[in-house]
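Subject: A structure for you to explore

Hello! Here is the structure I promised to pass on to you. Please open it beside this email and follow along as you read.

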Amino acid sequence: MAAAAMTVDYVPATQLPALLDDPRVLAIFGFHAGAAAPACTDPRYLQVGLQAYGAPQLEVWRSRTPVRSGRDGHGVAWASDGALMFGALQIDETAAGGILGGSQQAYTQLLAALARHGYPHLLRIWNYLDAITEGEGDQERYRQFCVGRARGIGTIDAATLPAATAIGRVDGVRVLQVYWLAARAPGIPLENPRQVSAYRYPRQYGPQPPSFARAMLAAPGSELPLLLSGTASVVGHHTLHADCTARQLEETFTNFDALIGAARQHAPGLPPQFGANSRLKVYVRDRAEMAQVEQQLSQHLGPQVPRMLLHATVCRRDLRVEIDGVHGG
């Protein structure tokens, strides 16, 4: 079995035609909300309905070897290189009976696709849905999503949960977008020593705890970066600094320091801090604060860390910002 290898980069949206001609491109993600989105039918391309701050960028996953791609007749767009698989599903919530039914359907189809294609080990998954915190109590859309996701997964095994992000779009389109990275070989899921594992959250966060790990290292011998889940200003299981975006950003980076430290126990060669081989997506709830967030990121990270700011809502109403991405590799 070939060792898994992949790089992640952010490039100007104008490079899309050239990227589609590159046989080593595993996946491309566009972040242009609304009519500005380019039309593209290539199964490696997914348009996410989030608006980027500044000039539009693409996120690009590149393999070391040529990839095959297609649509498998079950609603899954896919690309694979023999060691890694990209897959994507888009579920119409109305047809599925709402977000609970949509997420259950998505995860049922996702797991079936992994078996069909022969990539049984989920490493990383992204979930984008409109109005993620709409609804009260257990009827909140994120809580309903978590219930449906768990039903679609079936038996929850913490040792195999992937790193993950669940973020709210603000486009009003009730289509659940789920995409993932899977592998032939299992990775190493990681937890943050400053945080309660999400799958152990108490009942106050809903009838079904979220089902994900805080980060994922690929199998030993692989050449992939550390895959970072959506991370925010949460210590233990409590939100901190609900009234201040700047302090939430500081707490988020403290969490990343702890998470990278946990990863370095398995992979000592990982850099201890973000740098030129890191890529970060920063989700900001209040569009009016995006310039302020970019200024703080510039002070904290400098110009050497590529990043993308996206207008989005986080899965708790008292969280103002969340960050995911990759590190090292």
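Below is what I found, going from cysteines to backbone angles, helix packing and charged pairs. Please keep in mind that this is a predicted model.

**Cysteines**

A disulfide is a covalent bond between the sulfur atoms of two cysteines. How many disulfides does the structure hold? The count is 0. Cys146 shows why no bond forms there: the closest cysteine sulfur belongs to Cys315 and lies 7.4 Å away, which is too far. A pair would have to be within 2.5 Å to count as a disulfide. As for its surroundings, Cys146 is buried, at 2% relative accessibility. Cys40, with 24%, is partly exposed.

**Two backbone angles to look at**

Most residues other than glycine have a negative phi. Two residues here are worth a look with that in mind. Ala131 is not a glycine, yet its phi is positive, at about 50 degrees. You can find Ala131 in the loop that runs between strand 9 (121–130) and helix 4 (141–153). Is Ala131 buried or exposed? Its relative accessible area is 18%, so Ala131 counts as buried.

His241 also has a positive phi, of about 60 degrees, without being a glycine. Look for His241 in the loop between strand 16 (238–239) and helix 5 (245–264). With a relative accessible area of 19%, His241 is buried; the cut-off for that word is under 20%.

**A pair of packed helices**

Two packed helices are described by the angle between their axes and the distance between the axes. Here, helix 5 packs against helix 6 (residues 290–301) at about 35 degrees, and the two axes are 11 Å apart. Their crossing is right-handed. Which residues meet? From helix 5 come Thr245, Ala246, Leu249, Glu250 and Phe253, and from helix 6 come Gln292, Val293, Gln296, Leu297, His300 and Leu301. Sorted by type, the residues of this contact are 6 nonpolar, 4 polar and 1 charged.

**Charged pairs**

Side chains of opposite charge can pair when their charged atoms come close. The count of salt bridges in this model is 21, and three of them make a good starting tour.

Begin with Arg44 and Asp42, whose side chains meet with N and O 3.0 Å apart. Arg44 is buried, at 6% relative accessibility, and Asp42 is buried too, at 18%.

Next, go to Asp130 and Arg174, where the closest N and O atoms of the salt bridge are 2.8 Å apart. Asp130 sits in strand 9, while Arg174 is in the loop between strand 10 (163–169) and strand 11 (175–183), so this pair ties together parts that are 44 residues apart in sequence. Asp130 is buried at 6% relative accessibility, whereas Arg174 is partly exposed at 30%.

Finally, look at Asp138 and Arg203, which form a salt bridge with an N to O distance of 2.6 Å. This pair links distant parts of the chain, 65 residues apart: Asp138 is in the loop between strand 9 and helix 4, and Arg203 is in the loop between strand 12 (188–190) and strand 13 (215–217). Asp138 is partly exposed, with a relative accessible area of 27%. Both residues belong to one network, in which salt bridges with shared partners join Glu136, Asp138, Glu140, Arg143, Arg203 and Arg317.

Enjoy exploring!

Best wishes

Notes:
Residues are numbered from 1 along each chain as its sequence is written. This is a predicted model: local features need pLDDT of at least 70, side-chain atom pairs count only at pLDDT 80 or more; totals for chains, interfaces and linings use all residues. Side-chain values use heavy atoms; hydrogens and water are left out. Buried means under 20% relative accessible area, exposed over 50%, partly exposed in between (1.4 Å probe, protein chains only). Helices (H or I, at least four residues) and strands (E, at least two) are DSSP runs, numbered from the N terminus. Axes are lines fitted to C-alpha atoms, for helices over the stretch in contact, and angles run from 0 to 180 degrees between N-to-C directions. A crossing is left-handed if the near helix is turned anticlockwise from the far one by less than a right angle, and right-handed if clockwise. Contact means heavy atoms within 4.5 Å. Ala, Val, Leu, Ile, Met, Phe, Trp, Tyr, Cys and Pro count as nonpolar, Asp, Glu, Lys and Arg as charged, and the others, Gly among them, as polar. A salt bridge is a side-chain nitrogen of Lys or Arg within 4 Å of a carboxyl oxygen of Asp or Glu.
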